[in-house]
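Subject: The structure, and what turned up in it

Hello,

Here is the structure I promised to send over. Have a look at it first, and then read on for my notes.

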Amino acid sequence: MANRETKATRSDVLQGTLDLMVLQTLAALGQSHGYAIAARIEQVSHGAIQLNMGTLYPALVRLGHRGFIRGKWDTTENNRRARFYQLTAAGRKQLKIERADWEHMAEIMYRLLSNNF
């Protein structure tokens, strides 16, 4: 397991955590292409999480198959073709569920680490 000083590798980012990060990023940024999603996660994590496209794109495909996001081809600000993703209504609902689950688990971990039962 990586310590706080090392960069997270794709094996460090659990599948469910990555899905939650992507859903939350799309909720915050709105419609975005894969590179922008990865860049935002890296920015927010202060470089601790650096996603390569081989890690991110399977998550985008998985979320699309589950109906939580939809993608469409468009042109970037640099005039390049890219697939832009956005949350669906089902994705917004799933994000609420996953955030609640994450917050509950974080509270349990905090209590375990602080011994404040």
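Which residues line the second largest pocket? Before the answer, please keep in mind that this is a predicted model.

The pocket

The lining of the second largest pocket consists of His33, Gly34, Tyr35, Tyr57, Thr76, Glu77, Asn78, Arg80, Ala82, Arg83 and Tyr85. The space inside comes to about 160 Å³. Two elements, α2 and β3, each supply at least two residues of this lining. Strand β3 has the largest share, with 3 residues.

The overall layout

Stepping back, the protein chain has 4 helices and 3 strands. Going along the sequence, you meet them in the pattern α-β-α-α-β-β-α. The chain has 117 residues, and 32% of them are buried. If you take the contacts with a separation of 6 or more, 52% of them join residues that are 24 or more positions apart.

The sheet

The 3 strands make an open sheet with antiparallel pairing, in the order β1-β3-β2. Why do β1 and β2 each have one side without a neighbour in the sheet? Both stand at the edges, β1 at 32-33 and β2 at 69-75, and each has a single partner strand, so one side of each is left free of a neighbour there. As a general reminder, strands of a sheet pair through backbone hydrogen bonds, in either a parallel or an antiparallel way. Here, β1 pairs with β3 (residues 81-87) in the antiparallel sense, over 2 bridges. If you want a spot to zoom in on, Ser32 stands opposite Tyr85 of β3.

The nonpolar core

The largest nonpolar core holds 20 residues, and those that touch the most other members are Val22, Ile37 and Ile69. The elements giving two or more residues to this core are α1 (15-29), α2 (34-44), α3 (53-65) and β3. Helix α1 gives the most, with 6 residues. In soluble globular proteins, nonpolar side chains tend to be buried together.

Ile37 is a good residue to start from. Its place is in helix α2. Is Ile37 buried or exposed? Its relative accessibility is 0%, so Ile37 counts as buried. Ile37 and Val22 lie 15 residues apart in sequence, and their C-alpha atoms are 7.0 Å apart in space. Setting aside neighbours within four places in sequence, Ile37 is in contact with Val22, Thr25, Leu26, Ser32, Leu56, Leu60 and Tyr85.

Ile69 is worth a look as well. With residues up to four places away in sequence left out, Ile69 touches Leu23, Leu26, Leu60, Leu63, Gly64, Tyr85, Gln86, Leu87 and Thr88.

A buried aspartate

One more residue to click on is Asp19, which sits in helix α1. At 2% relative accessibility, and with under 20% as the cut-off, Asp19 counts as buried. What does the side chain of Asp19 make a polar contact with? The partner is the side chain of Arg62, at 2.8 Å. Apart from neighbours within four places in sequence, Asp19 is in contact with Ala59, Arg62, Leu63, Arg66 and Glu98.

That is the tour. Do write back with any questions once you have had a chance to turn the model around on your screen.

Best wishes

Methods:
Residues numbered from 1 in each chain as written. Predicted model: local features only at pLDDT ≥ 70, side-chain atom pairs only at ≥ 80, totals over all residues. Heavy atoms only, no water. Pairing = 2+ DSSP bridges. Core = buried A, V, L, I, M, F, W, Y, C linked by side-chain atoms within 4.5 Å. Buried < 20%, exposed > 50% of the residue type's maximum accessible area, 1.4 Å probe, protein only. Contact = heavy atoms within 4.5 Å. Polar contact = N/O pair within 3.5 Å; in protein donor to acceptor, adjacent residues only side chain to side chain. 1 Å grid on protein atoms, 1.4 Å probe; cavity = no way out; pocket = protein on both sides within 12 Å on 5 of 7 lines; lining within 4 Å. Points joined across faces, edges and corners; volume = space filled by probe spheres on them.
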